[in-house]
Amino acid sequence: MKRLIPLIALFALVSCQPKDPVEQRIDALLAQMTLAEKIGQMNQVSGGYQFIDQIAAGNIGSILNIVDPVEVNAVQKAAVEQSRLGIPLLVSRDVIHGFRTIFPIPLGMAATFNPEIVEKGARISAVEATASGIKWTFSPMLDIARDPRWGRIAEGSGEDTYLDCTMGVAMVKGYQGDDLSAPTSMAACIKHFVGYGAAEGGRDYNSTM
């Protein structure tokens, strides 16, 4: 019980701290949103031009698989200038081993045992991708390969947990850079769910052991 008291006091202290301006803006925005708009922000689609009307209506929050800056700009304008609240789209893509400049697959990069090289490769990828309006990548993959038949081992760093973590950290640093507000900072997304790398029979989307 004595150990709990300081924790409770700390929690109470943190809870009472005033929110920073960003958090305040988020709260204010959420208070304005309808339930339909909140659901729309969780809706992700693959494509661009064909969804402009839905984007303008606030029914889509993120898109993936478009790389043409002109198309990205068009859908962003629909989101910012035509939707009721003007929330920008989150534009994403599987930038896992390069965008314009293609690097070895993550498994190959891991074989270098050189996180500095991996970080540099991710930084180049981020600079190129953000120039096309892509601000979110579905990488790094930190699943631990447990069956060589599993096709997605190409996306990861192999079967060693330490190496996988080390390369994952390097990729995140490279994608996001030193300043998250910088134009070339691209959000990293660590994937997938726990145990995904142990798919039965090496079959993707299968049950995991």
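Me: What do buried, exposed and partly exposed stand for here?
Reply: Buried means under 20% relative accessible area, exposed means over 50%, and partly exposed lies in between, with a 1.4 Å probe and protein chains only. This is a predicted model, where local features need pLDDT of at least 70, side-chain atom pairs count only at pLDDT 80 or more, and totals for chains, interfaces and linings use all residues. Residues are numbered from 1 along each chain as its sequence is written, and side-chain values use heavy atoms, leaving out hydrogens and water.

Me: Why is Lys-191 called buried?
Reply: Its relative accessibility is 8%, and buried means under 20%, so Lys-191 counts as buried.

Me: What makes Lys-191 and Asp-94 a salt bridge?
Reply: A salt bridge needs a side-chain nitrogen of Lys or Arg within 4 Å of a carboxyl oxygen of Asp or Glu. For Lys-191 and Asp-94 the N to O distance is 3.1 Å, so the pair fits.

Me: How do you know that Asp-94 is partly exposed?
Reply: Asp-94 has 40% relative accessibility, a value between the 20% and 50% cut-offs, so partly exposed is the right term.

Me: Why is the pair Arg-84 and Glu-37 called a salt bridge?
Reply: The closest N and O atoms are 2.8 Å apart, and the cut-off is 4 Å, so Arg-84 and Glu-37 qualify.

Me: Which of the terms buried and exposed fits Arg-84, and which fits Glu-37?
Reply: Arg-84, at 54%, is exposed because that is over 50%. Glu-37, at 13%, is buried because that is under 20%.
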